[in-house]
Amino acid sequence: MKKEISFVLNGNRMEMEVDPFWTLLELLREELEMTGTKYGCGSGECGACTVLVNGKAVNACLFPAVEIDGASVTTIEGLAKGSGELHPLQTAFIEQGAVQCGYCTPGMIMSAKALLDENPNPTEDEIRHALAGNFCRCTGYVQIIDAVKAASHAITTKGEMRPRKAE
Amino acid sequence: MSKFEYLMPSTIDEAISLLVSRGERAKFIAGGTDVMVKIKEGKITPHYLVSLRRVQGLDQITYKDGELRIGALATHRMLELSPVIRKEFPILIDAVTNIGSVQIRNVATIGGNIVNAVPSADGAIPLITLGAQVRIRGPKGERSMALEDLYIGPGQTLLEPGEILLEFVIPKLPPRTGAAYVKHTRREAMELPLLGVAVLMSLAEDMTTCTAARIGLGVLAPTPMRARNGEAILKGQKVTEEVLHKAGKAAAEECKARDSIRGEAWYRREMVEVLVPRMARLAMERAR
């Protein structure tokens, strides 16, 4: 039996019916056709499907869709502003060459966003700890960590400190 | 993935009665990081999942008069970020900061880690070493027991159908007590332990005589275990390198290390001998 849920997705109020056995990833990709969030391992090991639920990074592939009732969800599609202006993390990933095939990138950026929202000026160790659940198999981690550092710098120096809660 | 209905009760009693009324085809789900994987892999095929996430009050962490209570639905991340746990029970931080990833720790619950009862569960060893009791409620009412006694085998606990683990109660520790845990792994993250070693040390006023010790071992038997021979060697002794070495040796002898895909028995035993003294030293530092 389908369940009715309401939640906020990237700032937009949503009301919809979902099958009880759907994961949040299926809801996003199959039903809402928002394919920015990737399917990697499907078992919470690789982090390609990372999204924010109430500001916290989670693996959408393991998250029951019905459990987002009443929650706020942020995906990679919600980071750039409507005007097309990129989030500092997106800019930094491009500028630092932290994107090769790009498959892990949305998950990497969402994990990094959760980190910077909580801790805008993390140490390298804190960045590594926060991204430990996001696997990259081609770009290499050096550029990715550099990109998070650059974004942190951009955010903290422009006074663009973001609120701790998800938008 | 198999199909199931998803039930979201808001009270403990409602959760219990939903599970009992659906019988064997129903299963509780908390954070879901184990349950969902098992469903995807076809290892379990429940018709009903009874979610505990909306049950109020099961995720509290409270510290009063030296006693720590951790709700079973508290996530690993809540423990990791809890100031009182960081200050008073750093042994729990040793364990939870290296379980899975941030994404897993944000949803995976400490109660789920325990009832899943895999021999490699990192959460269990420090809790057992701290002497944690578990409070359980089911169709027949409430009961409590030592966490150590909850396990009967790999993946098996004494929980009856419909019973819910409510909370962990860690009794007040004696003065001059410290504890530490190490998860021994091949890499730094996203890894299950080759073995886990926890040591708790209570010291006399001279700060060198051990008045009580507990040693908890993980992945070294079908269930989390205490190394009681090792503990007996420490108790009442002035702690010297020689005593620590003897305790490590005794713990290595009494554990039931075996060969597995992640490591061999001889290596595990040798590491027990190394890590028991190392954790005892760290525990003594923390006792000061």
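Which residues of helix H2 (residues 88-95) of chain A are buried? They are A:Pro88, A:Leu89, A:Gln90, A:Ala92 and A:Phe93, as the second view shows. This is a predicted model, in which local features need pLDDT of at least 70 and side-chain atom pairs count only at pLDDT 80 or more, whereas totals for chains, interfaces and linings use all residues. Residues are numbered from 1 along each chain as its sequence is written, and chains are lettered from A and ligands numbered from 1 in the order in which they are written.

**View 1. The fold of chain A.** Chain A holds five helices and five strands (DSSP runs numbered from the N terminus, helices being H or I of at least four residues and strands E of at least two), and along the sequence these follow the pattern β-β-α-β-β-β-α-α-α-α. The radius of gyration of chain A, taken over C-alpha atoms, is 15 Å, close to the 15 Å that the globule rule (2.2 Å times the number of residues to the power 0.38) gives for 167 residues, so chain A is as compact as a globular protein of that length.

**View 2. Helix H2 of chain A and its packing.** The buried residues of H2(A) (buried meaning that 20 or more other C-beta atoms, placed from the backbone, lie within 10 Å of a residue's own, with 12 or fewer for exposed and partly exposed in between) pack against helix H3 (105-118) and helix H5 (141-157) of chain A. Just after H2(A), A:Gly97 takes a positive phi of about 65°.

**View 3. The contact between the two domains of chain A.** An automatic or database domain assignment divides chain A into domain 1 (3-78) and domain 2 (88-157), whose centres, taken over C-alpha atoms, are separated by 21 Å. To the contact (C-beta atoms, placed from the backbone, within 7 Å) domain 1 of chain A contributes 14 residues and domain 2 of chain A contributes 13 residues. On the side of domain 1 of chain A that touches domain 2 of chain A, strand E3 (50-53) and strand E4 (56-59) of chain A are the elements that give two or more residues, and E3(A) gives the most, with three residues.

**View 4. Two loop residues with positive phi.** A:Asn10, in the loop between strand E1 (3-9) and strand E2 (12-18) of chain A, has a phi near 50°, a positive value in a residue other than glycine; A:Asn10 is partly exposed, with 18 other C-beta atoms within 10 Å. In chain B, B:Met190 lies in the loop between strand E11 (177-184) and strand E12 (195-203), with a positive phi near 50°, and counts as partly exposed with 19 C-beta neighbours inside 10 Å.

Terms used. Contact = placed C-beta atoms within 7 Å.
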